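Visitor: Hi! I have a structure open and would like to talk it through with you. Shall we take a look?

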Amino acid sequence: VLFRSANKQATFDFFVAGQPSAAYSVALHRSLLIWNQKSAFKWTAVQKAANPCASSGPGGAALRATACGQAFGSGVLGITMYSYDGANHFIHAGTVFNSGSNFSIYDGPLRASPDFRRVAIHEMGHALGMGHENNSSIPAIMQPFISNTDRPTADDIHGIRAMYGLP
């Protein structure tokens with residue numbers, strides 16, 4: 001567990017700056033709603049843009065060539081950054097998606113072009129404080145690599161509910 005929100009809620013501005021189409025913001029918005037259904041934590045989704053590299057204020061996301069000035073590692077599709085208060089509660093989460101990734105948006109098995117929506121669900125899991133599921137035999141959206149998993153699995157749901165309780 002990386003952090004927990006003190007009051008089990010936070011605002012996330014879901015307009016994806018630098019996006020090639022509005023479908024990216026819709027996909028990010030839906031990823032927030034998917035996590036809202038899985039635990040007592042609730043995102044308040046706002047159709048605005050927020051700086052993902054800020055250290056306070058509403059969470060936000062953008063498609064950029066770098067993650068707040070740092071190069072993306074090989075194969076990295078997105079990075080979520082956090083700011084904490086003195087009680088180890090998060091006060092800001094921001095996600096930068098790799099603009100060099102040639103994203104598409106689709107359901108079902110993984111294709112040659114990575115699915116932005118499943119990456120958004122994964123990154124919003126990080127924004128909630130979830131780490132990677134490093135056991136490759138356990139299916140999870142929180143695996144460190146993109147796969148055919150395109151929604152939170154039982155493992156992901158168990159993890160988020162252990163942090164925040166039932167919806």
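Visitor: Which residues is phenylalanine 103 in contact with, leaving aside its neighbours within four places in sequence?
Guide: In this predicted model, phenylalanine 103 touches Tyr24, Leu63, Leu77, Phe97, Asn98, Ser113, Pro114, Asp115, Phe116 and Val119.

Visitor: And which residues have the most contacts inside the largest nonpolar core?
Guide: Phe103 is on that list, along with Leu28, Trp35, Trp43, Phe97 and Phe116. The core itself has 31 residues.

Visitor: Which elements each supply at least two residues of this core?
Guide: On the strand side, β1 (9-17), β3 (59-64) and β5 (90-98) do. The helices α1 (23-36), α2 (116-127) and α3 (154-164) do too.

Visitor: Let me step back a bit. How many helices and strands does the chain have?
Guide: Three helices and five strands. Read from the N terminus, their order is β-α-β-β-β-β-α-α.

Visitor: What is the radius of gyration of the chain?
Guide: The chain has 15 Å, and that agrees with a compact globule, because 167 residues would give a value near 15 Å. Along the principal axes, the C-alpha atoms fill a box of roughly 40 × 35 × 25 Å.

Visitor: What share of the residues in the chain is buried?
Guide: Buried residues come to 46% of the 167. As for the surface, the chain exposes about 7,800 Å², with 53% of that supplied by carbon and sulfur atoms.

Visitor: What about contacts with a separation of 6 or more: what percentage comes from residues 24 or more positions apart?
Guide: Those residues account for 63% of such contacts in the chain.

Visitor: Back to single residues. Where does phenylalanine 72 lie?
Guide: Phenylalanine 72 is in the loop between β3 and β4 (78-84).

Visitor: Is phenylalanine 72 buried or exposed?
Guide: Buried, because its relative accessible area is 13%, below the 20% cut-off. Beyond its sequence neighbours within four places, phenylalanine 72 contacts Arg64, Ala65, Thr66, Ala67, Gly78, Ile79, Val96, Phe97 and Asn98.

Visitor: How far apart in space are phenylalanine 72 and glycine 59?
Guide: They are 20 Å apart, C-alpha to C-alpha, with their positions 13 residues apart in sequence.

Visitor: What is phi at cysteine 68?
Guide: About 55 degrees, a positive value although cysteine 68 is not a glycine. Most residues other than glycine have a negative phi. Cysteine 68 sits in the loop between β3 and β4, and it counts as partly exposed because its relative accessibility is 32%.

Visitor: And what about phi of asparagine 102?
Guide: Asparagine 102 also has a positive phi, near 55 degrees. Asparagine 102 belongs to the loop between β5 and α2, and with 59% relative accessibility it counts as exposed.

Visitor: There's another asparagine I'm curious about. In which helix is asparagine 36 found?
Guide: Helix α1. Asparagine 36 has 12% relative accessibility, so it counts as buried. Apart from neighbours within four places in sequence, its contacts are Phe41, Lys42 and Trp43.

Visitor: One more: is alanine 154 buried or exposed?
Guide: Exposed, because its relative accessibility is 66%. Alanine 154 is in helix α3. Its C-alpha atom is 25 Å from that of tyrosine 82, and the two are 72 residues apart along the chain.

Visitor: Last thing, the charges. How far apart are the mean positions of the positive and negative ones?
Guide: They are 6 Å apart, taken over 12 positive and 9 negative charges of the chain.

Note on methods. Residues numbered from 1 in each chain as written. Predicted model: local features only at pLDDT ≥ 70, side-chain atom pairs only at ≥ 80, totals over all residues. Heavy atoms only, no water. Core = buried A, V, L, I, M, F, W, Y, C linked by side-chain atoms within 4.5 Å. Buried < 20%, exposed > 50% of the residue type's maximum accessible area, 1.4 Å probe, protein only. Helix = DSSP H or I, 4+ residues; strand = E, 2+ residues; numbered from the N terminus. Contact = heavy atoms within 4.5 Å. Rg over C-alpha atoms; globule rule 2.2 N^0.38 Å. Areas by Shrake-Rupley, 256 points an atom, 1.4 Å probe, with all protein chains shown as cover. Lys, Arg positive; Asp, Glu negative; His and termini not counted. Charge placed at Lys NZ, Arg CZ, Asp CG, Glu CD.
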